[in-house]
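Reader: I am new to this structure and would like a close look at a single part of it, the open space that a reader might examine before anything else. Please take me through that part slowly, and then connect it to whatever surrounds it.

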Amino acid sequence: MTDSQLVSLLIIRLVKSFQRGRNKVCVLLFTLFLPLLLVVSSPQRDQTRGVATGAPHKPVFDQHMRPITAGGFIDDAPVVFTDIAEQTGLNEFIHRSGSKSKPYILDVPSGGVALFDYDRDGWLDIYLVNGSTYEALEGKENPPRAALFHNNRDGTFTDVTSRAGVANEKWGFGAAVGDFDKDGWPDLYVTNFGANRLYRNNGDGTFTDVAEKAGTAAEVWSTAASFGDFNRDGYLDLFVTSYLEFDPSAPPNPSSLQMASSFCQFRGKPVMCGPRGLKGTPDFLFLNKGDGTFAEVASQAGVNDPHGYYGFATAWVDVDNDGWLDLAVANDSTPNFLYQNKRDGTFEDISFLSGFALNENGVEQAGMGLAIGDYDNDGWVDFYVTNFSDDYNTLYRNEGEAFFMDVTNQLRLGDATIPFLGWGTGFLDFDNDGFKDLFIANGHVYAGVDEYNWGTTWAQRPLLFRNLEGKRFGEVPPATGSGLAIVVPARGAAFGDLNNDGRVDVVLNCIDGTPRVLQNKASANNNWILLHLIGADKSPRDAIGATVFVTADGKHQRGDVISGGSYSSHSDLRLHFGLGQAERVEKVEIRWPSGKRETRTDLPVNRILTIREE
């Protein structure tokens, strides 16, 4: 056991004693020793690495001397994903964000994507968020438009943006979906630099922006959002993360910042400034009043982020299995947040107590994306956070009672991710073997990295790790010419079964380019089930916040209906479970958002089943 692991274990034991006892002795011990332990375990950090939180690493090249982020392809590897974007028609959409040189921080994070069935025909549609330009902000050119693509059920999609009325035409960043008004139609929330949009689904293929009327505009630089019924009144509330203050007319530059060399350099070279050195902005919690309007209650609830951390990804999920939604936030260059629901309309900030704030070395990382899933099938939901290059992405295992351990290196997930800069991410069982695998979309933020021999690149290939029965992960080799061998500056990633064949597909939004649609081509030998939940009166209609346990093939899997997550993106609300060779599902246990529990038994496999709360 390393020194840092020993220190982490000591912290964990101390925290567990505190959580279980909550007596004055435990509080005193925690108060006195946690800061000391964190200092002892924290490495000395070079403060001239810009947004990076890890030390510079030796470049990794493939046999053709290509950086591993843009190489390492294997000619005879099995094809797991195929990029079919051109056939789908989505290549009509072109993302734009700032200038090509990316001189300012506003230029680089845009690019969320949402998969949702907006017209309720049983097939997933695709919404792609677009960025903007400084010329458009000044009114000198028409702004780029977001796009909604309707699924034609034949592998192609049709652009219905104009008819639907969801072009946004602002500097967009992320998207989340939830039926906030309980009319049975999914609504769409889009985060922007400036006022956000709340597109209410009219049920006829069109949407109306009601953000101002509803009170959810949040006129700051917002990044990610997630719907969830935190007070269990049956109506979806909305949490929105914000990033930082930015004035396009006076963008930050080294001469305007304190310790400018610390915040405007990467590996000793000048880069865009931030986020460190720039002022962060508060987060928002919008309480659904049930009449089409919301009240902003972040401060009262204790989730407003008074520190001004730089939020990039968020989701509601029940981490302690008490039936109430908790809130996770991945922050850029600052500690992550985990808020535990106190069941009285307020939350307790357990970010440090839970172990989720920092990595095993007691250091904050540059969190970009957030994946949520029970990778080891122990009934407790786990977290995976993507981070900056020169640092590893982090897998936090839930030890129970909302307590997390960084097990990244233990599960052999760390080294392979260090050259990459991760964004959108998700747990998905791509091979339907009953264990959730990991997908990561990658791409750098510094346009000039290709000029240096650092072993990292602006455009990068995605990563896929196969879950080896919950004990460790192994990288799936990128077959030459396959969807794992695309080299793109990806941002958002969303996951869902686009063609209803029982295999999870992936859609990527790529900055300054066209999207990618990765169709799952893994072997169809294993069975599956896809569950579409519909809540009753005391639950949200779309069952966001429900937790499902499926027993089959000797495995007991967990799935959660989640709005948001990944990087500023939204995935299919239907729950997909790989079943291996099981020919029947023995049992499905549902914990509805209302608190009601139901059990269904002896269900068929290879089906899309709709279950209504009784």
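Author: A definition is needed before the first residue is described: a residue is called buried when its relative accessible area is under 20%, exposed when that value is over 50%, and partly exposed in between. The model is a predicted one, and every value below is computed from it.

With that scale in hand, Arg120 counts as partly exposed, because its relative accessibility is 44%. Arg120 sits in the loop between β2 and β3 (125-128), and its backbone has a positive phi of about 55 degrees although Arg120 is not a glycine. Most residues other than glycine have a negative phi.

Arg120 also leads to the part you asked about, since Asp117, Arg120, Gly184, His532 and Ile534 are the residues that lie nearest the centre of the largest pocket, out of 25 that line it. Two or more residues of that lining come from each of β2 (113-116), β31 (527-534) and β37 (607-612). The space in this largest pocket amounts to about 610 Å³, and its lining is made up of 13 nonpolar, four polar and eight charged residues.

From the pocket one can move to Asn201, a residue of strand β8 (residues 197-201). Asn201 counts as buried because its relative accessibility is 1%, which is under the 20% limit. A polar atom of the Asn201 side chain lies 3.0 Å from the backbone oxygen of Tyr118. Apart from neighbours within four places in sequence, the residues in contact with Asn201 are Tyr118, Asp183, Trp185, Pro186, Asp187, Thr206 and Phe207.

Strand β31, already named for its share in the pocket lining, covers residues 527-534, and Leu531 and Leu533 are among the residues that touch the most other members of the largest nonpolar core, which has 41 residues. Tyr189, Leu198, Phe227, Val548 and Leu579 belong to that same group of most-connected core residues. For Leu531, once neighbours within four places in sequence are left aside, the contacts are Val548, Val550, Arg574, Leu575, Phe577, Val588, Leu609 and Ile611. A second core, separate from this one, has 30 residues and includes Trp171, Phe246, Phe312 and Ala366.

The pocket is an open space, and the enclosed spaces may be set beside it. Six cavities of 30 Å³ or more are found in the structure, and the largest cavity holds about 580 Å³ of space. It is lined by 31 residues, of which Ile372, Phe427, Asp560, Ser571 and Asp572 are the closest to its centre. At least two lining residues are supplied by each of β20 (370-373), β24 (422-428), β28 (490-496), β33 (555-560) and β34 (575-580). In this lining there are twelve nonpolar, twelve polar and seven charged residues.

Following β20 onward brings us to Asn377, which is placed in the loop between β20 and β21 (382-385). Asn377 counts as buried because its relative accessibility is 15%, again under 20%. Its side chain reaches the backbone oxygen of Gly434 at 3.1 Å, and, not counting residues up to four places away in sequence, Asn377 touches Gly434, Phe435, Lys555, His556 and Gln557.

Phe439, in strand β25 (residues 437-442), is buried as well, because its relative accessibility is 0%. Leaving out residues up to four places away in sequence, Phe439 touches Gly424, Thr425, Gly426, Leu428, Pro462, Leu463, Leu464, Leu484, Phe495, Val506, Leu508 and Leu518. To relate Phe439 to the region where we began, its C-alpha atom is separated by 28 Å from that of Asp121, and these two residues are 318 residues apart along the chain.

Two further details of the backbone deserve a careful look. Glu401, found in the loop between β22 (394-398) and β23 (404-406), has a phi near 60 degrees, a positive value in a residue other than glycine. Glu401 counts as partly exposed because its relative accessibility is 43%. The other detail is a cis peptide bond, with omega about 0 degrees, that joins Gly274 and Pro275, and Pro275 lies in the loop between β13 (269-270) and β14 (284-288). Most peptide bonds are trans.

Key:
Residues numbered from 1 in each chain as written. Predicted model: local features only at pLDDT ≥ 70, side-chain atom pairs only at ≥ 80, totals over all residues. Heavy atoms only, no water. 1 Å grid on protein atoms, 1.4 Å probe; cavity = no way out; pocket = protein on both sides within 12 Å on 5 of 7 lines; lining within 4 Å. Points joined across faces, edges and corners; volume = space filled by probe spheres on them. Helix = DSSP H or I, 4+ residues; strand = E, 2+ residues; numbered from the N terminus. Nonpolar A, V, L, I, M, F, W, Y, C, P; charged D, E, K, R; others polar. Buried < 20%, exposed > 50% of the residue type's maximum accessible area, 1.4 Å probe, protein only. Polar contact = N/O pair within 3.5 Å; in protein donor to acceptor, adjacent residues only side chain to side chain. Contact = heavy atoms within 4.5 Å. Core = buried A, V, L, I, M, F, W, Y, C linked by side-chain atoms within 4.5 Å.
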